[in-house]
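Dear colleague,

Please find below the structure that I am handing over to you. My findings follow it.

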Amino acid sequence: MTAAIIDGKAVAADLRLKLADEVSEFTRTTNVQPHLAAILVGEDPASAVYVRNKQKACDKSGIRSTLHRLPDVITEDGLLVLIHQLNNDPSVHGILVQLPLPAHIREQVVLDAVTPLKDVDCFHPENVGLMVQGRPRFLPCTPHGVQQLLLTSGIQVAGSYAVVLGRSEIVGKPMAMMLVQRGAAADATVTVCHSRTKNLADITRQADIIVAAIGKPRFVTADMIKPGAVVIDVGINRVEDKLVGDVDYGPVSEVASAITPVPGGVGPMTIAMLLQNTLTAARLSVGREVHG
Ligand code: NDP
(Lines give C-alpha, C1' and ligand atoms only; values in the text may rest on other atoms or scores of the structure.)
Protein backbone atom coordinates (compact mmCIF):
# COMPACT_ATOMS: atom_id res chain seq x y z
CA MET A 1 0.00 0.00 0.00
CA THR A 2 1.21 3.51 -0.74
CA ALA A 3 -0.41 6.17 1.38
CA ALA A 4 -2.33 9.11 0.01
CA ILE A 5 -0.50 12.31 0.87
CA ILE A 6 -2.57 14.75 2.89
CA ASP A 7 -1.51 18.07 1.43
CA GLY A 8 -1.74 20.52 4.32
CA LYS A 9 -0.24 23.31 2.29
CA ALA A 10 -3.03 23.12 -0.28
CA VAL A 11 -5.79 22.74 2.32
CA ALA A 12 -4.39 25.68 4.30
CA ALA A 13 -4.15 27.84 1.17
CA ASP A 14 -7.79 27.10 0.41
CA LEU A 15 -8.88 27.90 3.96
CA ARG A 16 -6.90 31.14 3.90
CA LEU A 17 -8.58 32.25 0.68
CA LYS A 18 -12.00 31.70 2.24
CA LEU A 19 -10.86 33.44 5.39
CA ALA A 20 -9.60 36.46 3.44
CA ASP A 21 -13.13 36.84 2.02
CA GLU A 22 -14.62 36.61 5.50
CA VAL A 23 -12.13 39.15 6.85
CA SER A 24 -12.90 41.53 4.02
CA GLU A 25 -16.66 41.18 4.58
CA PHE A 26 -16.24 41.66 8.33
CA THR A 27 -14.06 44.74 7.89
CA ARG A 28 -16.46 46.21 5.32
CA THR A 29 -19.53 45.76 7.50
CA THR A 30 -18.02 46.73 10.85
CA ASN A 31 -15.21 49.13 9.98
CA VAL A 32 -13.06 47.02 12.26
CA GLN A 33 -9.93 45.37 10.89
CA PRO A 34 -8.99 42.20 12.79
CA HIS A 35 -5.64 42.80 14.49
CA LEU A 36 -3.14 40.30 15.85
CA ALA A 37 -0.42 41.57 18.18
CA ALA A 38 2.59 39.26 18.42
CA ILE A 39 5.17 39.42 21.20
CA LEU A 40 8.66 38.11 20.55
CA VAL A 41 11.12 38.05 23.42
CA GLY A 42 14.80 37.61 22.61
CA GLU A 43 16.66 36.75 19.44
CA ASP A 44 15.91 33.06 18.89
CA PRO A 45 16.14 32.74 15.08
CA ALA A 46 13.55 29.94 14.79
CA SER A 47 11.02 31.94 16.83
CA ALA A 48 11.68 35.00 14.68
CA VAL A 49 10.93 32.95 11.54
CA TYR A 50 7.71 31.55 13.04
CA VAL A 51 6.51 35.03 13.98
CA ARG A 52 7.44 36.44 10.57
CA ASN A 53 5.49 33.66 8.82
CA LYS A 54 2.46 34.32 10.98
CA GLN A 55 2.65 38.04 10.23
CA LYS A 56 2.98 37.44 6.49
CA ALA A 57 -0.06 35.18 6.59
CA CYS A 58 -2.01 37.89 8.45
CA ASP A 59 -1.09 40.48 5.85
CA LYS A 60 -2.22 38.24 3.00
CA SER A 61 -5.58 37.66 4.68
CA GLY A 62 -6.30 41.32 5.39
CA ILE A 63 -5.57 40.95 9.09
CA ARG A 64 -3.48 43.68 10.64
CA SER A 65 -0.43 42.41 12.49
CA THR A 66 1.92 44.21 14.82
CA LEU A 67 5.10 42.88 16.34
CA HIS A 68 6.35 43.80 19.81
CA ARG A 69 9.99 42.81 20.13
CA LEU A 70 11.45 42.72 23.62
CA PRO A 71 15.06 42.03 24.63
CA ASP A 72 15.69 38.73 26.39
CA VAL A 73 16.74 40.64 29.52
CA ILE A 74 13.18 41.95 29.94
CA THR A 75 11.76 41.07 33.34
CA GLU A 76 8.57 39.08 33.79
CA ASP A 77 6.91 42.24 35.13
CA GLY A 78 8.06 44.18 32.07
CA LEU A 79 6.45 41.60 29.81
CA LEU A 80 3.27 41.62 31.89
CA VAL A 81 3.02 45.41 31.53
CA LEU A 82 2.97 45.01 27.74
CA ILE A 83 0.37 42.25 27.93
CA HIS A 84 -1.89 44.42 30.10
CA GLN A 85 -1.53 47.28 27.61
CA LEU A 86 -2.52 44.98 24.75
CA ASN A 87 -5.38 43.50 26.81
CA ASN A 88 -6.74 47.03 27.26
CA ASP A 89 -6.16 48.21 23.69
CA PRO A 90 -9.50 47.97 21.87
CA SER A 91 -7.77 47.96 18.47
CA VAL A 92 -6.03 44.65 19.32
CA HIS A 93 -8.15 41.50 19.00
CA GLY A 94 -5.64 38.68 19.34
CA ILE A 95 -2.46 38.43 21.41
CA LEU A 96 0.21 35.88 20.57
CA VAL A 97 3.16 35.30 22.87
CA GLN A 98 5.77 33.41 20.86
CA LEU A 99 7.22 30.53 22.88
CA PRO A 100 9.65 29.62 24.28
CA LEU A 101 10.25 32.50 26.68
CA PRO A 102 13.63 33.04 28.38
CA ALA A 103 14.14 30.78 31.41
CA HIS A 104 13.74 33.60 33.97
CA ILE A 105 10.16 34.27 32.83
CA ARG A 106 7.38 31.96 34.00
CA GLU A 107 5.48 30.88 30.90
CA GLN A 108 2.33 29.98 32.82
CA VAL A 109 2.11 33.38 34.52
CA VAL A 110 2.53 35.17 31.21
CA LEU A 111 0.04 33.05 29.27
CA ASP A 112 -2.53 33.33 32.06
CA ALA A 113 -2.23 37.13 31.87
CA VAL A 114 -3.58 37.27 28.32
CA THR A 115 -7.25 38.15 28.55
CA PRO A 116 -9.33 35.11 27.52
CA LEU A 117 -11.15 37.09 24.83
CA LYS A 118 -7.84 37.76 23.02
CA ASP A 119 -6.28 34.34 23.71
CA VAL A 120 -6.04 33.20 20.07
CA ASP A 121 -3.67 30.33 20.95
CA CYS A 122 -6.31 28.93 23.35
CA PHE A 123 -3.91 28.54 26.26
CA HIS A 124 -5.95 30.31 28.95
CA PRO A 125 -7.59 27.92 31.44
CA GLU A 126 -11.00 29.47 30.75
CA ASN A 127 -10.69 28.71 27.04
CA VAL A 128 -9.21 25.27 27.64
CA GLY A 129 -12.13 24.54 30.00
CA LEU A 130 -14.69 25.67 27.42
CA MET A 131 -13.01 23.53 24.78
CA VAL A 132 -12.98 20.46 27.05
CA GLN A 133 -16.67 20.97 27.76
CA GLY A 134 -17.40 21.00 24.03
CA ARG A 135 -18.41 24.67 23.83
CA PRO A 136 -15.25 26.31 22.52
CA ARG A 137 -14.61 30.01 22.26
CA PHE A 138 -11.33 29.36 20.43
CA LEU A 139 -9.90 26.04 19.32
CA PRO A 140 -6.17 25.39 19.83
CA CYS A 141 -4.48 26.04 16.48
CA THR A 142 -2.46 22.88 15.82
CA PRO A 143 -5.05 20.31 16.94
CA HIS A 144 -7.74 22.27 15.12
CA GLY A 145 -5.54 22.19 12.01
CA VAL A 146 -5.23 18.41 12.34
CA GLN A 147 -8.99 18.07 12.65
CA GLN A 148 -9.52 20.18 9.55
CA LEU A 149 -7.10 17.96 7.62
CA LEU A 150 -9.01 14.85 8.71
CA LEU A 151 -12.26 16.51 7.70
CA THR A 152 -11.19 17.74 4.29
CA SER A 153 -9.50 14.40 3.51
CA GLY A 154 -12.79 12.60 4.19
CA ILE A 155 -11.26 10.39 6.86
CA GLN A 156 -13.72 8.50 9.02
CA VAL A 157 -12.96 9.64 12.56
CA ALA A 158 -16.23 8.73 14.30
CA GLY A 159 -15.90 5.33 15.90
CA SER A 160 -12.21 5.05 15.06
CA TYR A 161 -9.46 4.26 17.53
CA ALA A 162 -7.12 7.27 17.66
CA VAL A 163 -3.76 7.21 19.42
CA VAL A 164 -2.14 10.54 20.26
CA LEU A 165 1.59 10.44 20.94
CA GLY A 166 2.50 13.31 23.29
CA ARG A 167 0.64 15.04 26.12
CA SER A 168 1.80 18.65 25.84
CA GLU A 169 -0.62 21.48 26.61
CA ILE A 170 -0.13 22.86 23.10
CA VAL A 171 -0.70 19.71 21.03
CA GLY A 172 -1.17 16.30 22.66
CA LYS A 173 -3.71 17.02 25.41
CA PRO A 174 -6.00 19.33 23.43
CA MET A 175 -5.75 17.00 20.42
CA ALA A 176 -7.01 14.08 22.47
CA MET A 177 -9.77 16.21 23.99
CA MET A 178 -10.94 17.38 20.58
CA LEU A 179 -10.95 13.91 19.03
CA VAL A 180 -13.10 12.60 21.87
CA GLN A 181 -15.77 15.33 21.57
CA ARG A 182 -19.05 14.81 19.80
CA GLY A 183 -19.08 16.22 16.29
CA ALA A 184 -17.27 16.43 13.00
CA ALA A 185 -13.78 14.89 12.77
CA ALA A 186 -14.31 13.64 16.33
CA ASP A 187 -16.28 10.93 18.19
CA ALA A 188 -13.13 8.80 18.30
CA THR A 189 -11.99 6.45 21.06
CA VAL A 190 -8.73 7.99 22.19
CA THR A 191 -5.57 6.86 23.94
CA VAL A 192 -2.85 9.36 24.90
CA CYS A 193 0.73 8.05 25.08
CA HIS A 194 3.78 9.76 26.57
CA SER A 195 7.32 9.04 27.64
CA ARG A 196 6.19 6.81 30.52
CA THR A 197 3.85 4.70 28.38
CA LYS A 198 4.72 1.00 28.37
CA ASN A 199 4.61 -1.12 25.21
CA LEU A 200 3.99 1.89 23.01
CA ALA A 201 4.18 -0.02 19.74
CA ASP A 202 1.53 -2.51 20.92
CA ILE A 203 -0.80 0.45 21.36
CA THR A 204 0.04 2.29 18.13
CA ARG A 205 -0.36 -0.94 16.13
CA GLN A 206 -4.04 -0.97 17.07
CA ALA A 207 -4.69 2.61 15.99
CA ASP A 208 -6.84 3.59 13.03
CA ILE A 209 -5.50 7.14 13.37
CA ILE A 210 -2.13 8.11 14.87
CA VAL A 211 -1.25 11.69 15.71
CA ALA A 212 2.46 11.98 16.48
CA ALA A 213 3.53 15.02 18.52
CA ILE A 214 6.59 14.07 20.51
CA GLY A 215 9.45 16.03 18.96
CA LYS A 216 11.66 13.03 18.13
CA PRO A 217 12.81 12.74 14.53
CA ARG A 218 11.46 9.68 12.65
CA PHE A 219 10.44 8.04 15.95
CA VAL A 220 7.32 6.36 14.57
CA THR A 221 8.49 3.52 12.36
CA ALA A 222 6.63 1.30 9.91
CA ASP A 223 6.45 -1.64 12.34
CA MET A 224 4.44 0.56 14.74
CA ILE A 225 1.64 1.10 12.23
CA LYS A 226 -1.40 -1.00 11.43
CA PRO A 227 -1.73 -1.44 7.65
CA GLY A 228 -4.18 1.16 6.36
CA ALA A 229 -3.91 3.49 9.36
CA VAL A 230 -4.00 7.28 8.94
CA VAL A 231 -0.82 8.95 10.18
CA ILE A 232 -0.72 12.62 11.11
CA ASP A 233 2.75 13.93 11.80
CA VAL A 234 2.82 17.09 13.92
CA GLY A 235 6.56 16.92 14.64
CA ILE A 236 8.98 19.49 13.31
CA ASN A 237 12.59 18.52 13.95
CA ARG A 238 15.72 19.94 12.40
CA VAL A 239 18.14 17.20 11.34
CA GLU A 240 21.27 18.25 9.47
CA ASP A 241 19.61 21.42 8.23
CA LYS A 242 16.55 19.53 7.05
CA LEU A 243 13.09 19.52 8.62
CA VAL A 244 11.77 16.08 9.45
CA GLY A 245 8.72 14.92 11.33
CA ASP A 246 8.23 12.47 14.19
CA VAL A 247 7.33 9.81 11.63
CA ASP A 248 9.71 7.79 9.47
CA TYR A 249 7.91 9.08 6.40
CA GLY A 250 9.14 6.83 3.57
CA PRO A 251 8.65 3.38 5.14
CA VAL A 252 5.50 4.43 7.03
CA SER A 253 3.86 5.69 3.84
CA GLU A 254 4.22 2.14 2.47
CA VAL A 255 1.98 0.87 5.29
CA ALA A 256 -0.42 3.73 6.03
CA SER A 257 -3.46 4.64 3.93
CA ALA A 258 -2.91 8.38 4.33
CA ILE A 259 -0.09 10.48 5.76
CA THR A 260 0.89 14.12 6.24
CA PRO A 261 4.32 15.20 4.99
CA VAL A 262 6.78 17.39 6.91
CA PRO A 263 7.03 20.14 5.87
CA GLY A 264 3.75 20.87 4.12
CA GLY A 265 1.39 18.95 6.40
CA VAL A 266 0.20 20.19 9.77
CA GLY A 267 2.47 23.28 9.93
CA PRO A 268 0.61 25.46 7.40
CA MET A 269 -2.71 24.48 9.01
CA THR A 270 -1.59 25.81 12.40
CA ILE A 271 -1.14 29.26 10.89
CA ALA A 272 -4.48 29.13 9.07
CA MET A 273 -6.23 28.31 12.34
CA LEU A 274 -4.48 31.17 14.11
CA LEU A 275 -5.87 33.56 11.50
CA GLN A 276 -9.31 32.08 11.97
CA ASN A 277 -9.08 32.59 15.74
CA THR A 278 -8.05 36.20 15.19
CA LEU A 279 -11.17 36.79 13.11
CA THR A 280 -13.23 35.07 15.82
CA ALA A 281 -11.66 37.38 18.42
CA ALA A 282 -12.49 40.43 16.29
CA ARG A 283 -16.07 39.17 15.97
CA LEU A 284 -16.24 38.74 19.72
CA SER A 285 -15.09 42.32 20.19
CA VAL A 286 -18.07 43.62 18.24
CA GLY A 287 -20.52 41.08 19.63
CA ARG A 288 -20.72 38.96 16.48
CA GLU A 289 -19.59 35.64 17.83
CA VAL A 290 -19.98 32.61 15.57
CA HIS A 291 -18.88 29.50 17.48
CA GLY A 292 -21.74 27.54 18.99
P1 NDP B 1 6.72 18.73 24.01
O2 NDP B 1 8.18 18.50 24.11
O3 NDP B 1 6.07 19.76 24.84
O4 NDP B 1 5.98 17.35 24.32
C5 NDP B 1 6.44 16.15 23.81
C6 NDP B 1 5.57 15.03 24.30
O7 NDP B 1 6.06 13.81 23.75
C8 NDP B 1 5.60 14.87 25.81
O9 NDP B 1 4.31 14.64 26.29
C10 NDP B 1 6.50 13.65 26.02
O11 NDP B 1 6.14 12.88 27.14
C12 NDP B 1 6.21 12.86 24.77
N13 NDP B 1 7.33 11.97 24.46
C14 NDP B 1 8.65 12.29 24.40
N15 NDP B 1 9.37 11.21 24.12
C16 NDP B 1 8.51 10.18 23.99
C17 NDP B 1 8.66 8.81 23.73
N18 NDP B 1 9.85 8.26 23.53
N19 NDP B 1 7.55 8.05 23.67
C20 NDP B 1 6.33 8.59 23.89
N21 NDP B 1 6.12 9.89 24.15
C22 NDP B 1 7.21 10.68 24.21
O23 NDP B 1 6.44 18.96 22.47
P24 NDP B 1 5.23 19.70 21.71
O25 NDP B 1 3.95 18.99 21.93
O26 NDP B 1 5.30 21.16 21.91
O27 NDP B 1 5.70 19.44 20.19
C28 NDP B 1 5.83 18.14 19.67
C29 NDP B 1 6.39 18.24 18.26
O30 NDP B 1 5.47 18.95 17.46
C31 NDP B 1 7.70 19.02 18.15
O32 NDP B 1 8.47 18.46 17.11
C33 NDP B 1 7.26 20.42 17.76
O34 NDP B 1 8.25 21.11 17.05
C35 NDP B 1 6.09 20.09 16.89
N36 NDP B 1 5.07 21.14 16.80
C37 NDP B 1 4.57 21.39 15.57
C38 NDP B 1 3.58 22.32 15.39
C39 NDP B 1 3.03 22.52 14.04
O40 NDP B 1 2.45 23.53 13.77
N41 NDP B 1 3.20 21.55 13.13
C42 NDP B 1 3.06 23.11 16.50
C43 NDP B 1 3.59 22.73 17.80
C44 NDP B 1 4.57 21.77 17.92
P45 NDP B 1 6.29 13.43 28.67
O46 NDP B 1 5.11 14.34 28.86
O47 NDP B 1 6.21 12.21 29.47
O48 NDP B 1 7.60 14.15 28.73
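The notes below deal with the nonpolar cores, one pocket and one buried residue.

Please bear in mind that this is a predicted model.

The largest nonpolar core has 50 residues. Helix α10 (residues 266–285) supplies the largest share of this core, with 10 residues. Because domain 1 (31–117) and domain 2 (141–267) both give residues to this core, it lies between them. A second, separate core is made up of 20 residues, among them Leu86, Leu101, Leu111 and Val114.

Within the largest nonpolar core, Leu150 and Leu179 have the most contacts. If neighbours within four places in sequence are left aside, the residues in contact with Leu179 include Gln147, Leu150, Val157, Ala162 and Val164. Further along the sequence, Leu179 also touches Asp187, Val190 and Val211, among others.

Gln147 appears again in the second largest pocket, where Leu139, Gln147, Arg182, Gly183 and Ala184 lie nearest the centre. This pocket holds about 320 Å³ of space and is lined by 15 residues. Helix α6 (residues 141–152) gives the most to that lining, namely four residues. By class, the lining has eight nonpolar, six polar and one charged residues.

Finally, I would draw your attention to Asn127, which lies in helix α5 (residues 125–132). Is Asn127 buried or exposed? Its relative accessible area is 0%, so Asn127 is buried. Apart from its neighbours within four places in sequence, Asn127 is in contact with Pro116, Asp119, Cys122, Arg137 and Phe138.

With kind regards

Definitions and conventions: Residues are numbered from 1 along each chain as its sequence is written. This is a predicted model: local features need pLDDT of at least 70, side-chain atom pairs count only at pLDDT 80 or more; totals for chains, interfaces and linings use all residues. Side-chain values use heavy atoms; hydrogens and water are left out. On a 1 Å grid over the protein atoms alone, a cavity is a set of points where a 1.4 Å probe fits but cannot get out, and a pocket is an open set with protein on both sides within 12 Å along at least five of seven lines; lining residues have an atom within 4 Å of a point. Grid points are joined across faces, edges and corners, and a volume is the space filled by probe spheres set on the points. Helices (H or I, at least four residues) and strands (E, at least two) are DSSP runs, numbered from the N terminus. Ala, Val, Leu, Ile, Met, Phe, Trp, Tyr, Cys and Pro count as nonpolar, Asp, Glu, Lys and Arg as charged, and the others, Gly among them, as polar. A nonpolar core is a set of buried Ala, Val, Leu, Ile, Met, Phe, Trp, Tyr and Cys residues joined through side-chain atoms within 4.5 Å. Buried means under 20% relative accessible area, exposed over 50%, partly exposed in between (1.4 Å probe, protein chains only). Domain bounds come from an automatic or database domain assignment. Contact means heavy atoms within 4.5 Å.
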